[in-house]
Structures are given as C-alpha cells and as structure tokens.
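Colleague: I should be grateful for a close look at a single part of this model, with its surroundings described residue by residue. Please choose one strand and work outwards from there.

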Amino acid sequence: MFKRKKMFNNQRLLVADLNSKSPVFESYRTLRTNIQFASVDQEIKKIVITSPKPGEGKSTTVANLAIAFAQQGKKVLLIDADLRKPTVANTFSLPNTSGLTNVLSRQSNLEQVVQQSAVENLYILTSGPLPPNPSELLGSNSMKELVSKAENEFDIILFDSPPVLAVTDAQVLTNLSDGTILVVRSGSTDQDAAKKAKDLLQVGNSRLLGVVLNSKKQKQDQYYYYY
C-alpha cells in the first residue's frame, strides 16, 4: 500500500525506535500509559502536542509518543499541523511535496498523501506546501472533515502543533481534539510563559491532559528523562 521508509533523520533523536529498552523510552511509555489512564471516562483518540514557545521539545515529544503508541499495536496517524515551521517530514526522512495543505485545499484526498513510516503501524501526514493562511486552514470545514475521516481509519491521531504563545493555531486545533499536552523545557521555559500557555489552552473547550517536563537531567546518571 504505502512504501515504508528505512532511514530517519539524525537531527531529531527518535529514542523510542532506536532503543526500546532505554530509560528515555520508559518515560515515553509512562507518558503513553498516563494518557490511557486519563481516558477512563472519555475516549482520548485525538491529541494535540504543543509548547509555550519554540525550541522546547514538542516535536521530539510527539514523534516519540507516536512511536510508543505504534509499538503498542495502535494504528497511529501523526499529523504535522505546524504549517509555519514543519519538522515531521525531516524527522522521518519523508518527502513533503504534498500533505495536509493539499487535502485542506481539496487538491488531494487523505489516502493519496498519507505515508507509512519505517515504524510498523505509524503513518505520517506531512504539512505539505506552506500556506499564507495557516489558522484559517486549520479552522476550516475541510480540516473537520479530514479529522472525522481519520478517526474512522486510525486508533490514535497526534497533532504536532505550533507553539501556543506564538500563534493561535494551537487553540484552533484543540477544538478538534480530545485533549492537549503541553511540553516545557527544564531550565528554559519560564513559569509565566508556562502559566500563560496553560490559561490560553483552557480558554475554550480544550482538556489539558498534562505537562511534559523535557530535558530534566538526573543526578544519578547522564540520561535526560521526559515526564
């Protein structure tokens, strides 16, 4: 059906695929489990991953979380919904000549642009060509239709969203999701920015599932854990 890619780009470490027994992967497994426990009363199928500002690790987090779900046997769709600075295609060494924006502008359908990654059960919808109106596209009826169709074909849908303090895109995406995860970086994200991001995400109907503390160094070893 889809051609499986064999190589990843080394610029973003996909620890969950490179070493499934690593302590870092255990943290992603814990994150996956915590999300599943949060869905006791309500199914959590569509998840937005964002951060207050750029450079806080949200794209690395969403890529590895997608792999963690896929390795559990879930059929996962990772959507690069950052239509300003997309990274997912580069992370998974996939072409980005067509993707999300082609579907939203009705130039292609979902089946034509979804790509299978090198990880079994993990499918990727890259951003496609960058548009002049990202927020409008993400809030369009075409986006609602795409998400509705993807729900019927995939067990888990993850959105790599732009930072919440930079643009309104993340808030638009939360209205299409069952929950949101906020990624912050230890020693980098200031408390005011984190609080403001949390408040913005909770303005609408968004359910904040939790916060991932990224790059927290432990005293006992050299690993960087993700919580």
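Modeller: The account below starts from strand E6 (179-185) and then turns to the parts around this strand and elsewhere in the chain.

The model is a predicted one, and every value quoted here is computed from it. The protein chain has 227 residues, of which 51% count as buried. Its secondary structure comprises 10 helices and nine strands. Among contacts with a separation of 6 or more, 78% join residues 24 or more positions apart.

Against this background, E6 is largely enclosed by the rest of the structure, because six of its seven residues are buried. Two parallel pairings involve this strand. With E1, E6 forms four bridges in the parallel sense, and within E6 Thr-180 faces Val-48. With strand E7 (residues 208-214), E6 forms six bridges, again in the parallel sense; here Leu-182 stands opposite Val-211 of E7.

The approach to E6 also merits attention. Asp-178 is located in the loop between helix H9 (169-174) and E6. At a relative accessibility of 14%, Asp-178 is buried, because the cut-off for that class is under 20%. Its side chain comes to 2.9 Å from the backbone nitrogen of Lys-45. Leaving out residues up to four places away in sequence, the contacts of Asp-178 are Gln-42, Glu-43, Ile-44, Lys-45, Lys-46 and Arg-207.

E6 also contributes to a nonpolar core. The largest such core contains 26 residues, and Leu-78, Phe-92, Leu-122 and Leu-158 have the most contacts inside it. Two or more residues are given to this core by each of helix H2 (23-37), strand E1 (46-50), helix H3 (58-71), strand E2 (76-80), strand E4 (122-125), strand E5 (156-160) and E6. H3 supplies the largest share, seven residues. A second core, separate from this one, has 24 residues, among them Ala-81, Val-113, Phe-159 and Leu-173.

H2, one of the contributors to the largest core, has 15 residues and extends 21 Å from its first C-alpha to its last, close to the expected 21 Å. Its buried residues are Val-24, Phe-25, Ser-27, Tyr-28, Leu-31, Arg-32 and Ile-35. Viewed down the axis of H2, these residues fall within an arc of 155° and therefore line one face of the helix. The general geometry is relevant here: an α-helix has 3.6 residues a turn, so residues three or four places apart point the same way.

Helix H8 (residues 141-153) offers a second case. The ends of its 13 residues are 19 Å apart between C-alpha atoms, in agreement with the 18 Å expected at 1.5 Å a residue. Ser-142, Met-143, Leu-146, Val-147 and Ala-150 are the buried residues of H8. Because they fall within an arc of 135° as seen down the axis, they too line one face of the helix. Asn-141 and Asn-152, on the other side of H8, are exposed.

A further loop residue completes the account. Ser-127 occupies the loop between E4 and helix H7 (134-138), and with a relative accessible area of 1% Ser-127 is buried. The side chains of Ser-127 and Asn-96 are joined by a polar contact of 3.1 Å. Apart from neighbours within four places in sequence, the residues in contact with Ser-127 include Asp-80, Asp-82, Leu-83, Pro-86, Gly-99, Leu-100 and Thr-101.

Definitions and conventions
Residues numbered from 1 in each chain as written. Predicted model: local features only at pLDDT ≥ 70, side-chain atom pairs only at ≥ 80, totals over all residues. Heavy atoms only, no water. Core = buried A, V, L, I, M, F, W, Y, C linked by side-chain atoms within 4.5 Å. Buried < 20%, exposed > 50% of the residue type's maximum accessible area, 1.4 Å probe, protein only. Expected span 1.5 Å × (residues − 1). Arc of directions from axis to C-beta. Pairing = 2+ DSSP bridges. Polar contact = N/O pair within 3.5 Å; in protein donor to acceptor, adjacent residues only side chain to side chain. Contact = heavy atoms within 4.5 Å.
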